[in-house]
Amino acid sequence: MAGRGVFPLGALGRAQGHPSALKIIAGGKLRQLREACGLMPKQVCARLDVSLSKINKIEHGHLGCKPQDARAFLTLYGVQEPRYVQQFMELVELSLRPEYWKPWRTTVKDFFAPLLALEGAAQRIRIYEPFYVPGLLQTPAYAAAVIRAEWPNRLEAEVNRIVELRMARQAQFARQREQGEAPDLWVALREEVFEYSVEDRAVLRTQVRQVIERVERGEVALQVAAPQVMSQVPLTSNVTYLRFGLADLPDAVYVEQVASADFHQDPEQVEQYLVRLDRLATQIRTPEESLRWLKQRHNRL
């Protein structure tokens with residue numbers, strides 16, 4: 001059978017509950033099968049009467065593969081064994097389910113969607129944030145204050161929708177924790193985040209208290225960086241590294257700027273950021289030192 005050596009899928013793990021991750025896995029497998037058959041995308045276009053754009057989007061996980069298209073691809077690539085066909089069709093069906101954040105789709109910026117869609121499928125998440133407490137740890141009041149500061153022209157209804165989405169993300173992680181499937185979360189923050197990220201001292205104090213509680217419950221490993229240390233590590237933007245631990249789902253890095261972001265799954269680029277995060281972890285306060293510092297900061301607020 002053509003492409004048989006690359007067909008079997010590994011265990012899906014956490015990715016099973018995340019349609020966007022499954023789209024990437026399904027698309028990657030179709031790309032492997034096509035290449036194993038020695039076919040170029042244009043040749044597939046001609047044989048199946050589909051556009052080159054559609055093939056590229058499906059193979060890169062940017063577009064879900066409809067069941068009828070999936071069967072056509074498998075037939076063209078010589079996948080006929082019933083168990084393999086059934087396995088792949090089940091994967092396709094799972095990938096077409098709606099995301100939990102679909103109700104907020106119009107609120108989500110396009111550059112943020114890949115992170116939102118994939119973070120819950122990760123085994124491990126590592127975040128460096130130079131400006132704010134990350135959304136996964138924010139209180140509603142702190143989230144609203146940050147959103148108003150970043151987008152002062154937003155209507156209050158829009159602010160509330162974004163806050164709702166951030167709380168929905170946290171609820172998603174809480175459900176995963178209850179099932180023993182939550183990603184390991186590591187966060188590195190600059191001291192200034194707990195000093196100046198929002199003006200309201202009461203809001204900041206409550207936020208710091210919540211971070212302390214989540215650290216003490218073991219929900220997050222936190223390290224706090226002193227300003228002078230950051231000159232030794234070339235990280236200036238928000239960086240989120242996603243470790244999936246699946247052969248069919250490459251690790252990813254999300255790097256956010258003021259009005260845009262980059263989402264990398266190229267192994268070389270991902271490795272560069274991972275090296276920087278590893279170096280950062282060795283240069284700043286340990287988790288134990290960070291918790292003591294944070295409690296002292298809380299008492300000063």
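C65 is buried in this predicted model, at 5% relative accessibility. The sulfur of C65 lies 13 Å from the closest cysteine sulfur, which belongs to C45. That is too far for a bond. C45 is likewise in no disulfide, and the nearest cysteine sulfur to C45 is that of C65. C45 is buried, with a relative accessible area of 15%. A disulfide is a covalent bond between the sulfur atoms of two cysteines. With a cut-off of 2.5 Å between sulfur atoms, the count of disulfides is zero.

C65 also appears among the neighbours of A70. Residues within four places in sequence aside, A70 is in contact with C65, F88, M89 and V92. A70 belongs to helix α4, which covers residues 67-76. The residue is buried, with a relative accessible area of 0%. A70 and Q138 are 68 residues apart in sequence. Their C-alpha atoms are 41 Å apart in space.

The protein chain as a whole contains twelve helices and six strands. The C-alpha trace spans about 70 × 40 × 35 Å along its principal axes. Of the 301 residues in the chain, 50% are buried. Contacts between residues at least 6 apart in sequence were also examined, and 73% of them join residues at least 24 apart. The accessible surface comes to about 14700 Å². Carbon and sulfur atoms account for 50% of that surface. The chain carries 40 positive and 36 negative side chains. The centres of these two sets lie 2 Å apart.

The largest nonpolar core has 75 residues. Those with the most contacts inside this core are I25, L30, Y142 and F194. Helix α1, residues 19-36, supplies the largest share of the core, with seven residues. A second, separate core has 19 residues, and these include A225, L235, V253 and Y273. F194, in the largest core, has a broad list of partners in sequence terms. Beyond its neighbours within four places, F194 contacts V133, L189, L204, V208 and V224. W293, L294 and R297 are also in contact with F194.L22 and S95 link helix α1 with helix α5. L22 is in helix α1, while S95 is found in helix α5, residues 82-95. S95 touches L22, along with P19 and K23, once neighbours within four places in sequence are left aside. S95 is buried, with a relative accessible area of 2%. L22 counts as buried at 0% relative accessibility. Under the same exclusion of residues up to four places away, L22 touches L12, A15, Q16, L91, L94, S95 and R97. L22 and E271 are 249 residues apart in sequence, and their C-alpha atoms are 23 Å apart.

Two loop residues were also considered, V198 and D49. V198 lies in the loop between α9 (193-196) and α10 (201-216). V198 is buried, with a relative accessible area of 5%. Residues up to four places away in sequence not counted, V198 touches Y142, A145, V146, V203 and L204. Y142 is one of the residues with the most contacts inside the largest nonpolar core. L204 is also in contact with F194. The C-alpha atoms of V198 and P234 are separated by 25 Å. These two residues are 36 apart along the chain.

D49 lies in the loop between α2 (41-48) and α3 (52-59). D49 is exposed, with a relative accessible area of 72%. Most residues other than glycine have a negative phi. D49 has a positive phi of about 55°, although it is not a glycine.

Notes
Residues numbered from 1 in each chain as written. Predicted model: local features only at pLDDT ≥ 70, side-chain atom pairs only at ≥ 80, totals over all residues. Heavy atoms only, no water. Core = buried A, V, L, I, M, F, W, Y, C linked by side-chain atoms within 4.5 Å. Buried < 20%, exposed > 50% of the residue type's maximum accessible area, 1.4 Å probe, protein only. Helix = DSSP H or I, 4+ residues; strand = E, 2+ residues; numbered from the N terminus. Contact = heavy atoms within 4.5 Å. Areas by Shrake-Rupley, 256 points an atom, 1.4 Å probe, with all protein chains shown as cover. Lys, Arg positive; Asp, Glu negative; His and termini not counted. Charge placed at Lys NZ, Arg CZ, Asp CG, Glu CD.
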